[in-house]
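Biologist: I would like a close look at a single part of this model, after a word on its annotation.

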Amino acid sequence: AASPPQPHRKFQGLAGRHVLITGGSEGIGLEVARICAANGSRVSLLARSADKLERAVGELRSLTTSGDGAVGFEQADVGDAQQVQKALRTAAAARGPVDICICSAGASTPKYFEALEFADFEQMMRVNYYGIVNAARELLPAMAARDRERRPGEPPFSFCAVSSMAAAVPFVGYAAYAPAKAATRAFMDVLRNEYADTGVLLHVAFPPDTDTPGFVQENTTKPYETSHVWPECFNEVFEARQVAERILQEILRGSYFVTSPDVFGNLLVSRAWGHYPRGFLRSLVECLVAPIFVFLHCAMVWMADRAVKLRRHHHQS
């Protein structure tokens with residue numbers, strides 16, 4: 001097991017702030033919560049499993065220096081708008097208005113299209129997309145109202161959605177999952193534009209394959225091709241702590257595009273994602289490398305198609 005996170009000056013902007021994390025009972029969300037608790041945040045977790053939430057909060061209380069009351073949880077299904085509204089209002093009453101929200105609740109059931117039930121498509125949208133919409137509807141208007149009263153020098157409020165690299169590079173097995181994550185990306189692009197007249201910061205993250213309980217479960221249903229599309233050098237699985245640290249660093253920097261520890265993956269996401277503010281330096285870099293990545297994307301499409309054609313799963317009885 002990884003050692004507990006320690007306070008660090010790069011996370012000093014978290015001190016005293018109320019950070020709410022959906023899907024915070026395990027995986028990337030729990031790693032984010034650990035870092036926040038260790039660096040003086042008030043932390044609220046939101047997830048479905050009461051048992052997992054209780055274990056997570058018990059651990060976080062051993063990390064925080066702000067007292068047991070600074071950490072708590074609310075049990076809710078992120079896909080249920082009424083449950084989310086009630087949970088977020090209860091968390092705000094207990095630990096103050098939410099300053100930073102990180103929507104990391106997610107689910108993936110990779111299967112061949114024909115093996116997916118309609119309920120699978122509904123569940124992917126419910127968790128991966130509507131879960132973010134429900135949190136945004138409750139929190140963003142309140143953040144915008146508080147922003148109007150924010151004094152100079154006070155930190156801004158942030159809302160971060162966790163999408164996926166599958167939103168930019170969809171392939172076999174992800175007929176239900178990738179569209180839901182692509183919807184998240186488009187939703188955040190719209191919100192970033194709509195809230196440009198406020199000081200509220202919007203962020204969207206695209207984690208790579210990450211060593212989490214969800215990823216372990218995902219591997220149990222993956223079609224053969226899904227695991228064998230890319231050369232082994234492209235199949236690196238990152239530690240959840242690495243990904244969580246990068247998410248928080250990028251939020252504190254004010255970045256809209258929350259990059260991951262996967263440098264190549266970041267370039268793939270950005271190349272496939274047209275409409276977002278890059279800044280001068282990133283725009284210059286992408287202008288220089290874009291021709292290379294056009295060919296790389298062509299090669300990746302060829303590899304994905306080749307894996308399916310070699311397996312010929314439609315021809316197997």
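Where does UniProt place the feature "transmembrane region"? After that, please take strand β1 and go through its surroundings in detail.

Modeller: This is a predicted model, so local features need pLDDT of at least 70 and side-chain atom pairs count only at pLDDT 80 or more, whereas totals for chains, interfaces and linings use all residues. Residues are numbered from 1 along each chain as its sequence is written, and side-chain values use heavy atoms, with hydrogens and water left out.

The unreviewed UniProt entry places "transmembrane region" at residues 156–177 and 280–304; such annotations may be inferred rather than shown by experiment. The two spans can be set side by side. Residues 280–304 are 100% helix and 0% strand, with end C-alpha atoms 33 Å apart. Residues 156–177 are 5% helix and 23% strand, and their end C-alpha atoms lie 32 Å apart. Helices (H or I, at least four residues) and strands (E, at least two) are DSSP runs, numbered from the N terminus.

Now to β1, residues 18–22. Five of its five residues are buried (under 20% relative accessible area, 1.4 Å probe, protein chains only), so the strand is largely enclosed by the rest of the structure. In a regular strand the side chains alternate between the two faces of the sheet. In β1 both faces are covered, with His18, Leu20 and Thr22 on one side and Val19 and Ile21 on the other.

Strands count as paired if DSSP finds at least two bridges between them. On one flank, β1 runs parallel to β2 (residues 42–47) over five bridges, and leucine 20 has serine 44 as its bridge partner there. Between these two strands comes helix α1 (residues 27–38), and the three elements make a right-handed β-α-β unit (clockwise from the first strand over the helix to the second, with the strands pointing away from the viewer). β1 also pairs in the parallel sense with β4 (residues 100–103), over four bridges; here valine 19 is partnered by isoleucine 100.

These pairings belong to an open, parallel sheet of seven strands, in the order β3-β2-β1-β4-β5-β6-β9. β3 (71–75) and β9 (257–258) stand at the edges with a single partner strand each, so one side of each has no neighbour in the sheet. β3 is joined to β2 by five parallel bridges, and leucine 46 stands opposite glutamate 74.

Finally, Thr22 of β1 helps to line the largest cavity, together with Val78, Cys103, Ala105, Val127, Gly131 and Ile132 (on a 1 Å grid over the protein atoms alone, points where a 1.4 Å probe fits but cannot get out; lining residues have an atom within 4 Å of a point). Helix α4 (residues 118–147) gives the largest share of that lining, three residues.

Terms used. On a 1 Å grid over the protein atoms alone, a cavity is a set of points where a 1.4 Å probe fits but cannot get out, and a pocket is an open set with protein on both sides within 12 Å along at least five of seven lines; lining residues have an atom within 4 Å of a point. Buried means under 20% relative accessible area, exposed over 50%, partly exposed in between (1.4 Å probe, protein chains only).
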